[in-house]
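Reader: Please take one part of this model and go through it closely. I would like geometry, packing and contacts in one connected account.

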Amino acid sequence: SLWSLGLLGAGTALSTPFAPEIVFFSMPCVFAFIGGAHQDYRHRRGWGGSLTPEVDEQTSHVPFVALVKGRQSWEEAWHELKQENAAAAMVLGVVCALLRLRRII
């Protein structure tokens, strides 16, 4: 849930030409990175949760890093993905981008 807000902020930061807004909207992404690392640190030590060494080796708190590094299978991730939801999100994203582009031009 930290990364959903962080990536939303990163997307907004990438779409604005104003430096103060870039800094403002980038902060949720920075918070997600630091907060996720801190949460993993606490869970490795058994404070407020648990993170076993086996799970820690196969996962990452940063989205898609474990997949890119080959620690997890892209094929398994594809089968777990709900393609209808992904397609709906892509359509909504394209529509929002086109509406924003139309407003700028």
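Author: What follows is a close look at one helix, α2, and at the cysteines. The model is predicted, and every value below is computed from it.

Helix α2 covers residues 19–44, 26 residues in total. At 1.5 Å a residue it should span 38 Å, and its end C-alpha atoms lie 37 Å apart, so the expected and computed lengths agree. The helix does have a kink of about 30°, placed at Met-27, shortly before the proline Pro-28.

On the packing side, the buried residues of α2 are Ala-32, Gly-35, Gly-36, Asp-40 and His-43. Their packing partner is α1, residues 2–14.

His-43, one of these buried residues, also has contacts beyond its sequence neighbours. Leaving out residues up to four places away in sequence, His-43 touches Gly-48, Gly-49, Ser-50 and Leu-51. With Gly-48 there is a polar contact: the His-43 side chain reaches the backbone oxygen of that glycine at 3.4 Å. Gly-46, which follows α2, has a positive phi, near 80°.

That leaves the cysteines. A search of the whole structure finds zero disulfides. Cys-29 is in none, since the nearest cysteine sulfur, that of Cys-96, is 20 Å away, whereas a disulfide requires sulfur atoms within 2.5 Å. Cys-96 is likewise in no disulfide, its nearest cysteine sulfur being that of Cys-29. Cys-29 has a relative accessible area of 22% and is therefore partly exposed, as the cut-off for buried is under 20%. Cys-96, at 45% relative accessibility, also counts as partly exposed.

Methods. Residues are numbered from 1 along each chain as its sequence is written. This is a predicted model: local features need pLDDT of at least 70, side-chain atom pairs count only at pLDDT 80 or more; totals for chains, interfaces and linings use all residues. Side-chain values use heavy atoms; hydrogens and water are left out. Helices (H or I, at least four residues) and strands (E, at least two) are DSSP runs, numbered from the N terminus. The expected span of a helix is 1.5 Å times one less than its number of residues. The bend at a residue is the angle between axes fitted to the seven residues ending there and the seven starting there. Buried means under 20% relative accessible area, exposed over 50%, partly exposed in between (1.4 Å probe, protein chains only). Contact means heavy atoms within 4.5 Å. A polar contact is a pair of N or O atoms within 3.5 Å; within protein, one must be able to donate a hydrogen and the other to accept it, and residues adjacent in sequence count only if both atoms are side-chain atoms.
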